[in-house]
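Biologist: Please take a close look at the pocket region of this model. Walk me through its lining, then follow the chain outward to the contacts around it.

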Amino acid sequence: MKQNHNSRRINEQAREKLANILLFEIADPDLMLVTLTGVEVSIDKSVLRAYISCESDRYESVSAALERAKGRIRSLLGHALGWRVTPEIIFQIDTSTDEAERIARALQNVPPTLGVEKDEEGYPVDSAEEGE
């Protein structure tokens with residue numbers, strides 16, 4: 001979605017209000033230790049896409065808890081924002097932290113073939129050839 005100063009301000013306002021609602025207003029134990037990583041509001045403010053991060057083994061329980069609480073969250077958000085239209089909320093699990101973790105693990109487990117000296121074409125240099 002294209003961002004300008006106004007849309008960034010609206011997204012930030014919606015993120016703050018939604019984070020406060022999730023933190024202080026919703027008392028579902030399945031929503032403990034979830035993080036609101038971002039919010040995107042459509043130009044006409046009719047749709048709000050919220051990105052939620054949590055442990056990978058809790059994706060299903062958190063998604064189910066968000067669906068159960070969606071009506072209450074939307075009602076509280078409508079009052080908190082004071083916009084003419086209360087946006088429809090779409091919750092999406094943010095898996096970018098899992099992807100970053102997977103990449104970090106892959107970088108730690110460097111295959112031994114990467115340490116072998118190679119020529120300009122990428123073929124391993126035979127140490128016997130160097131001595132000749």
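Modeller: Start with α1: this helix gives the largest share of the lining of the largest pocket, three residues. The model is a predicted one. Its largest pocket has a volume of about 200 Å³. Two elements give two or more residues to that lining, α1 (5-25) and β1 (35-41).

Now the residues themselves. The lining includes Ala19, Leu22 and Leu23. Ile26, Ala27, Asp28 and Leu31 also belong to it. Met32, Leu33, Val34, Thr35 and Leu36 complete the set. In character, the lining divides into 10 nonpolar residues, one polar and one charged. Thr35 is the polar one, and Asp28 is the charged one.

Leu33 deserves a pause. This lining residue is found in the loop between α1 and β1. What is the phi of Leu33? The angle is near 60°, a positive value in a residue other than glycine. Most residues other than glycine have a negative phi. Leu33 also has a relative accessibility of 69%, so Leu33 counts as exposed. Lining the pocket thus goes together here with an exposed state.

Follow the chain into β1, the strand that also contributes to the lining. Gly38 has its place in this strand. Is Gly38 buried or exposed? Its relative accessibility is 14%, under the 20% limit, so Gly38 counts as buried. Gly38 also has Ile52 at 7.5 Å in space, C-alpha to C-alpha, although the two are 14 residues apart in sequence.

Past β1 comes the loop between β1 and β2 (47-53), and Lys45 sits there. Lys45 has a positive phi of about 65° although it is not a glycine. A relative accessibility of 26% makes Lys45 partly exposed. Where does Lys45 lie with respect to Trp83? Lys45 lies over the face of the Trp83 ring, at 4.7 Å from the ring centre. Aromatic pairs, by contrast, are absent: the count comes to zero.

Trp83 also serves as a reference point for helix α3. Gln108 lies in that helix. Gln108 and Trp83 are 25 residues apart in sequence and 48 Å apart in space, C-alpha to C-alpha. The relative accessible area of Gln108 is 65%, so Gln108 is exposed.

Next, charge. Side chains of opposite charge can pair when their charged atoms come close. The structure holds eight salt bridges. One of them joins Arg68 to Asp30, with the closest N and O atoms 3.1 Å apart. This pair links distant parts of the chain. Arg68 is in helix α2 (residues 59-81), Asp30 is in the loop between α1 and β1, and 38 residues separate them. Why does Arg68 count as exposed? Its relative accessibility is 54%, and exposed means over 50%. Asp30, at 29%, is partly exposed.

Other bridges stay within one helix. Glu67 and Lys70 meet in a salt bridge at 3.2 Å, N to O. Both lie in helix α2, three residues apart, about one turn of the helix. Lys70 has a relative accessibility of 18%, so this lysine counts as buried.

Helix α3 (residues 96-108) has a bridge too. There, Arg105 and Glu101 meet at 3.4 Å, N to O. Because these partners are four residues apart in the helix, about one helical turn separates them. Both count as partly exposed: Arg105 is at 44%, and Glu101 is at 48%.

Finally, back to the pocket. Salt bridges that share partners join Asp28, Asp30 and Arg68 into one network. Asp28 is also a lining residue of the largest pocket. The network therefore includes a residue of the pocket lining, together with Arg68 from helix α2.

Notes. Residues are numbered from 1 along each chain as its sequence is written. This is a predicted model: local features need pLDDT of at least 70, side-chain atom pairs count only at pLDDT 80 or more; totals for chains, interfaces and linings use all residues. Side-chain values use heavy atoms; hydrogens and water are left out. On a 1 Å grid over the protein atoms alone, a cavity is a set of points where a 1.4 Å probe fits but cannot get out, and a pocket is an open set with protein on both sides within 12 Å along at least five of seven lines; lining residues have an atom within 4 Å of a point. Grid points are joined across faces, edges and corners, and a volume is the space filled by probe spheres set on the points. A salt bridge is a side-chain nitrogen of Lys or Arg within 4 Å of a carboxyl oxygen of Asp or Glu. Buried means under 20% relative accessible area, exposed over 50%, partly exposed in between (1.4 Å probe, protein chains only). Rings of Phe, Tyr and Trp (its six-membered ring) pair if their centres lie within 6.5 Å; planes under 30 degrees apart count as stacked, over 60 as edge-to-face and the rest as tilted. A charge sits over a ring if NZ of Lys or CZ of Arg is within 6 Å of the ring centre and within 35 degrees of the ring normal.
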